Amino acid sequence: MEAMQAQTVDVIQRMKEITLVMKTPEEVLESQGVSPQDLEDMLDELQEHVESIDMANDLHSIGGLVPLIDYLKNSHANIRAKAAEVVSTIVQNNPRSQQMVMEANGLEPLLSNFTSDPDVVSRTKALGAISSLIRHNKPGVAAFRLANGYAGLRDALSSENVRFQRKALNLIPYLLHENQSDCGVVTELGFPRIMMHLASSEDAEVREAALRCLLDLARDKSEKPNSSSSEEDDRLKQILQERIKGISEMSAEDLGAAREERQLVDSLWNTCLNEPSPLREQGLLFLPGEDAPPPDVASQHFQPSLRAVAANRNPDTKPKSEKKEPPLLLGPGPSAS
């Protein structure tokens, strides 16, 4: 116990030292021979410390959260990106730290980096931190919407950076689930057209995420009469036909890896066109073994005698002449008088 307490003290002491460095002006650090790489390494270390929720929450109490947020405005892109990574680690699944970052106005520089940083890596890391900050955080979602965050997501989808696209595509379904009325907002902003393009991406994760978003929008549209455009429907059908053709030409190994994509294409086709997809007709929706019953783990991991007892609990299967054994009673026996 004492060793653990000493280790905790050492970590907190180290975080205090890192906080002091973060509070020191950039030009002073440069004059003392501290390089940008040194600061990146320091932030790497800090990220390891704050992976513990307790340490993440302690960072604010020792005065380190605000200087970290200030590093989001550092003149070096790599440091801005790394600072966003650390913020993302601090707030992930941590409501208390989410609240502290919101109260410290941490969302504002993250939004600025996400939408206008000249470095795409910094933009991507900022979006990752935003995603962690606003999940299960209604004030965060509201602030993101008010800050025209959807326009930033549209720019991310239109970028040529696959990681940036993935981050945006992974956040959109959550936002639409939180506010279903936003389906109309993203439609007006032209998201479906961009997602149709991304549904043909060479990156499998981007394709699947784009198809998932299109399915969410299609289901919302199907609940609203006269909301579909024949031109959009024709374009989507063409995209799906191209994906079905691509799937049909996959190797057996690639087909197995594309299970979710196959299911998404089928669901999207059925939702938009009200008919089974050609994947079903071609036998490509479910491959042999995919719809098989679960493996029998009982026979492998439980003693045969235990399974036999369970199987013989039906009294009708026992011989009538069999003598009934008294039930096994669990607990203390009768006390001696």
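**Entry 1: alanine 199**

I began with alanine 199 and listed what it touches: not counting residues up to four places away in sequence, alanine 199 is in contact with Arg207, Ala210, Leu211, Leu214, Ile239 and Arg243. I noted at once that I am reading a predicted model. I then looked up where alanine 199 sits, and found it in the loop between helix 14 and helix 15. Is alanine 199 buried or exposed? Its relative accessibility is 0%, so I entered alanine 199 as buried, a word that applies under 20%. I also took one distance across the fold: alanine 199 and isoleucine 239 are 40 residues apart in sequence, while their C-alpha atoms are 7.5 Å apart in space.

**Entry 2: helix 14**

Since alanine 199 lies in the loop between helix 14 and helix 15, I turned to helix 14 next. Helix 14 covers residues 191–198, and because six of its eight residues are buried, I wrote it down as largely enclosed by the rest of the structure. Which residues of helix 14 are the buried ones? They are Phe191, Pro192, Ile194, Met195, Met196 and Leu198. I then asked which helices these buried residues pack against. The list I copied out is helix 11 (149–158), helix 12 (162–178), helix 13 (182–188), helix 15 (204–222) and helix 16 (230–248).

**Entry 3: the whole chain**

I stepped back to look at the protein chain as a whole, and counted 21 helices and zero strands. The chain has 337 residues, of which 40% are buried. For the contacts between residues at least 6 apart in sequence, I noted that 68% join residues at least 24 apart. The accessible surface of the protein chain comes to about 19800 Å², and carbon and sulfur atoms account for 50% of it.

**Entry 4: helix 8 against helix 10**

I picked one pair of helices to follow in detail, namely helix 8 (residues 107–116) and helix 10 (residues 138–146), whose axes come within 11 Å and cross at roughly 45 degrees. That angle makes helix 8 oblique to helix 10, and the crossing of the two is right-handed. Which residues make the contact? From helix 8 I found Leu107, Leu111 and Phe114, and from helix 10 I found Gly140, Ala143 and Phe144. Sorted by class, the contact of helix 8 with helix 10 has five nonpolar residues, one polar residue and no charged residues. Beside the list I wrote a reminder: an α-helix has 3.6 residues a turn, so residues three or four places apart point the same way.

**Entry 5: helix 4 and histidine 60**

In helix 4 (residues 53–61), the buried residues I found are Met55, Ala56, Asn57 and Leu59. Histidine 60 also lies in helix 4, and I wanted to know how accessible it is. With a relative accessibility of 34%, histidine 60 counts as partly exposed. Leaving aside its neighbours within four places in sequence, histidine 60 is in contact with Leu65 and Met100. I noted too that histidine 60 and valine 101, which are 41 residues apart in sequence, are 8.9 Å apart in space from C-alpha to C-alpha. Just after helix 4, I marked glycine 63, which takes a positive phi of about 85 degrees.

**Entry 6: positive phi outside glycine**

I then looked at residues other than glycine with a positive phi. Asparagine 93 has a phi near 55 degrees, and its place is the loop between helix 6 (77–91) and helix 7 (95–103). At a relative accessible area of 63%, asparagine 93 is exposed. Histidine 136 has a positive phi of about 55 degrees, although it is not a glycine, and I found it in the loop between helix 9 (120–134) and helix 10. Histidine 136 is exposed as well, with a relative accessible area of 68%.

**Entry 7: valine 120**

My last look was at valine 120, which is in helix 9. Valine 120 counts as partly exposed, at 29% relative accessibility. What does valine 120 touch, leaving aside its neighbours within four places in sequence? It is in contact with Asn161 and Phe164. I closed with a distance: valine 120 and serine 159 are 9.1 Å apart in space, C-alpha to C-alpha, and 39 residues apart in sequence.

How values were computed
Residues are numbered from 1 along each chain as its sequence is written. This is a predicted model: local features need pLDDT of at least 70, side-chain atom pairs count only at pLDDT 80 or more; totals for chains, interfaces and linings use all residues. Side-chain values use heavy atoms; hydrogens and water are left out. Axes are lines fitted to C-alpha atoms, for helices over the stretch in contact, and angles run from 0 to 180 degrees between N-to-C directions. Helices (H or I, at least four residues) and strands (E, at least two) are DSSP runs, numbered from the N terminus. Angles under 35 degrees count as roughly parallel, over 145 as roughly antiparallel, 65 to 115 as roughly perpendicular and the rest as oblique. A crossing is left-handed if the near helix is turned anticlockwise from the far one by less than a right angle, and right-handed if clockwise. Contact means heavy atoms within 4.5 Å. Ala, Val, Leu, Ile, Met, Phe, Trp, Tyr, Cys and Pro count as nonpolar, Asp, Glu, Lys and Arg as charged, and the others, Gly among them, as polar. Buried means under 20% relative accessible area, exposed over 50%, partly exposed in between (1.4 Å probe, protein chains only). Accessible areas come from the Shrake-Rupley method with a 1.4 Å probe; for residues, only the protein chains shown count as cover.
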